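Trainee: I should like to go through the assignments made for this model and ask what each one rests on. May we take them in turn, with the cut-offs stated?

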Amino acid sequence: MRITTALLLASTAIILPAVPAFAEELPSAETDATESANIVVFGRGETRQVQEIQSQDIVTLTPGTNPLKAIEKLPSVNFQSSDPFGAYEWSQRVTIRSFSQNQLGFTFDGIPLGDMSYGNHNGLHITRAISSENIGSVRVSQGAGSIGTQATNALGGTVETFSADPADYLTNGNLGAQGNLTYGSNETWRAFARLALGTRDGIRGYASYGYGSTDKFRGEGVQDQHMGNAKVVIPVGDVTVDGWLSYSDRRENDYQDMSKAMIARLGWDWDNTFPDYARAIDYASRLNDVDLVSNSGGSPFPDGLFDYSGAPVAGGQVYPGNVTGPDDAYYDAAGLRKDWLGAIGLSAPLGEQASLKIKGYYHHNKGMGLWATPYQPSPNGVPMSVRTTEYEMDRIGVFGSVDFALGIQNFTVGGWYENNQFNQARRFYAFASRTDPGLSFRDYPKNPFATQWEFDFTTDTVQYHVQDRIDLGMVTINLGWKGFKVTNKAEAGVQATFPEGKIKVEDWFQPHAGVAFELSPEAEVFAGFTQATRAFASATTAGPFSTNQLGFDAIRDDLKPEQSDTYELGLRYHNSVFNGVIGAYLVNFRNRLLSVQVGSPIQGFAAALQNVGKVRSIGIEAAGTLQLGGGFSLFGSYSYTDATYRDDVVDASGAVAPIEGKTVVDSPRHLARGEINYEREGAFGRIGVNYMSRRYYTYTNDQSVPGRVIVDATVGYRFTDRLELQLNATNLLDKRYISTVGSGGFSNSGDGQTLLIGAPSQFFATIKAGF
């Protein structure tokens with residue numbers, strides 16, 4: 001089904017969208033009726049830049065949408081994904097104040113999610129931890145998160161997601177049920193059902209199941225997910241016990257990574273050849289006429305096995321049409337992930353002045369990334385094979401804190417421990433014949449004919465924090481620090497050029513300090529300083545273990561971790577008509593580590609790890625909501641970021657990459673968002689405009705993608721408080737643009753195959769019913 005643009009525009013002419021209002025603090029008994037209706041709140045009293053988006057704002061997006069897509073409206077948040085839901089993991093990227101995704105902290109109900117990268121070695125993506133319909137709120141700290149956040153990679157901000165209380169869904173006495181059904185562009189189907197039982201202040205819980213499936217918007221293939229969630233809250237006197245359990249089975253066929261040259265030659269709709277197996281065989285067969293003797297880039301395979309350079313010999317065959325090489329199109333690619341996540345928490349008073357919170361969790365992941373590679377034939381003579389990166393993870397951990405009040409001071413002492421057992425391997429599987437692939441990229445293949453490498457990683461994390469919050473009436477002071485020790489150990493099961501060994505990061509004192517000063521009941525000034533250290537990644541595909549053994553041995557004892565100092569200053573203002581914030585920041589980086597992609601991503605060469613020295617970021621941020629009356633409101637945000645490298649880079653060969661003064665990759669200088677919202681007498685709607693300026697995808701800034709403007713819209717009507725119809729449109733004006741940069745990594749210079757194309761106009765209709 002495709003809802004026409006004319007119909008949607010006609011609807012929006014009558015019903016304009018609903019956007020959240022901004023409040024100064026979470027709704028409480030003291031907030032007035034207007035403020036309690038707000039669905040985005042500014043952190044009044046906080047000594048750092050922080051905002052929180054409530055569930056009402058998330059549910060106005062297309063069901064199943066990544067909650068990170070809801071926070072992209074906030075200042076300095078750059079979220080990208082090539083699909084309309086923001087859920088396609090290979091393409092999903094978020095940066096905040098020029099910090100890349102693996103330099104941000106992510107948690108779910110306090111449970112660490114790691115860096116949420118595609119090949120995550122220390123967590124899982126939020127879309128595999130909870131269904132969007134069950135999210136209660138998302139809190140964003142642009143500069144630095146709470147010192148108690150369970151994250152050792154958070155050089156910059158944090159994104160904390162919280163599940164809703166089951167009491168919120170008890171709509172009919174001791175019972176509540178909801179069902180959603182969505183249909184839309186590219187044969188998108190999504191169904192969601194939830195049942196809640198219990199009493200609002202007693203034992204309560206809910207269980208839900210969701211399934212979503214959508215065809216790719218270019219090329220052929222399906223992206224789908226099964227998701228189950230369950231939560232229980234059990235009050236026992238003054239003690240509260242809560243439990244969480246979720247299961248996710250996600251399978252997604254990938255889009256072809258592009259370069260600007262490929263888009264010019266092949267067009268915006270180009271993709272992998274699937275299901276045209278014969279064409280893939282033809283492309284791969286032409287690669288047979290290559291030099292198999294030397295590989296100047298260095299073969300990633302042991303003993304020269306599978307040693308393809310990919311360089312055509314003189315007189316080699318040319319590819320048909322505008323295709324110029326094997327990387328222009330593969331047969332297929334996919335990402336498969338299965339996750340179990342469980343947690344049990346307890347909160348209890350300790351006398352009259354203190355309280356205890358503690359939670360234990362377990363996470364099991366099994367996953368695989370598949371690529372049909374022409375660089376390695378199958379043993380049976382098929383000129384390509386299936387290359388996988390395989391993951392298996394078992395994490396177990398516990399975190400907690402004790403809060404106690406002493407006069408005007410409120411002290412917090414907390415800690416976190418995690419043991420992570422992570423196995424990662426690169427394997428190759430054979431296609432059945434030249435006419436029949438014999439396997440599906442929707443399933444986990446079996447019986448590999450070769451294992452290029454396999455490693456077992458053990459990561460032990462110990463973290464603690466101490467904080468003192470001093471309330472002086474009009475002035476609030478926060479003082480504290482955190483510290484951690486993270487030990488990474490790699491042991492080879494099947495050795496290759498990648499390293500094994502042990503490396504650690506230890507920093508027991510990372511200070512945090514801040515102050516908030518109330519100028520009037522409407523206005524306050526805040527200022528803060530945070531120092532942070534980032535632990536090393538523990539995977540063959542990331543960090544110091546992604547280089548070769550010789551390089552690792554040379555740096556393991558002297559490699560300095562990335563560190564940052566963040567300074568913030570801002571002003572918040574709120575009254576019944578306007579709520580807003582304006583702020584400025586300065587960030588100084590030290591020892592920033594960047595991996596340079598060598599060859600095309602599918603070839604899997606060891607990365608070149610570079611210490612790019614210092615980086616400086618300065619910027620301003622502003623956001624606010626204006627209540628217009630009559631159900632209308634306006635929201636706007638703007639951020640300016642000037643993030644530059646402060647040193648040139650000298651690689652192992654002595655060559656200099658002149659990046660001093662260049663803009664940090666994937667760091668747009670200007671971000672601006674505007675929304676007009678409407679909600680009254682059952683009708684609701686929102687139109688949002690999202691502007692992003694130029695982004696560079698090489699360190700020397702010789703390659704970039706232009707800025708773009710994207711328009712999204714939501715309209716709907718609540719017939720009763722139990723029945724609702726919602727229409728969503730993404731990229732309403734059908735803009736052709738590059739969404740993700742750096743999908744295949746970044747390089748010093750040159751047009752790389754590391755771009756993903758954004759989705760065209762997409763339209764969805766959802767019926768929501770409950771009792």
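Trainee: Why is Glu 724 called buried?

Mentor: Buried means under 20% relative accessible area, exposed over 50%, and partly exposed in between, with a 1.4 Å probe and protein chains only. Glu 724 has 13% relative accessibility, so Glu 724 counts as buried. The model is predicted: local features need pLDDT of at least 70, side-chain atom pairs count only at pLDDT 80 or more, and totals for chains, interfaces and linings use all residues. Residues are numbered from 1 along each chain as its sequence is written, and side-chain values use heavy atoms, with hydrogens and water left out.

Trainee: What makes Lys 768 and Glu 724 a salt bridge?

Mentor: A salt bridge requires a side-chain nitrogen of Lys or Arg within 4 Å of a carboxyl oxygen of Asp or Glu. The closest N and O atoms of Lys 768 and Glu 724 are 3.7 Å apart, so the pair meets the definition. Lys 768 lies in strand E39 (residues 762-770) and Glu 724 in strand E36 (residues 723-730), so the pair ties together parts that are 44 residues apart in sequence. Strands (E, at least two residues) are DSSP runs, numbered from the N terminus. At 10% relative accessibility, Lys 768 is also buried.

Trainee: Which residues are joined into one network by salt bridges that share partners?

Mentor: They are Asp 57, Lys 73, Glu 675 and Arg 686. The structure holds 39 salt bridges.

Trainee: How do you know that Asp 721 is exposed?

Mentor: Its relative accessibility is 65%, so Asp 721 counts as exposed. Asp 721 forms a salt bridge with Arg 722, with the closest N and O atoms 3.2 Å apart. Arg 722, at 27%, is partly exposed.

Trainee: What makes Arg 190 and Glu 133 a pair that ties together separate parts?

Mentor: Their side chains meet in a salt bridge at 2.4 Å, N to O. Arg 190 lies in strand E11 (residues 188-198) and Glu 133 in the loop between strand E7 (111-112) and strand E8 (135-141), so the pair links parts 57 residues apart in sequence. Arg 190 is buried at 13%, and Glu 133 is buried at 8%.

Trainee: How confident is the predictor, and where is the pLDDT below 50?

Mentor: On the pLDDT scale, the predictor's confidence in each residue from 0 to 100, the mean is 87, and 88% of the residues reach 70 or more. Over residues 1-37 the pLDDT is below 50, as it is over residues 290-316. Where pLDDT is low, the predicted coordinates should not be read in detail.

Definitions and conventions
Contact means heavy atoms within 4.5 Å. Helices (H or I, at least four residues) and strands (E, at least two) are DSSP runs, numbered from the N terminus.
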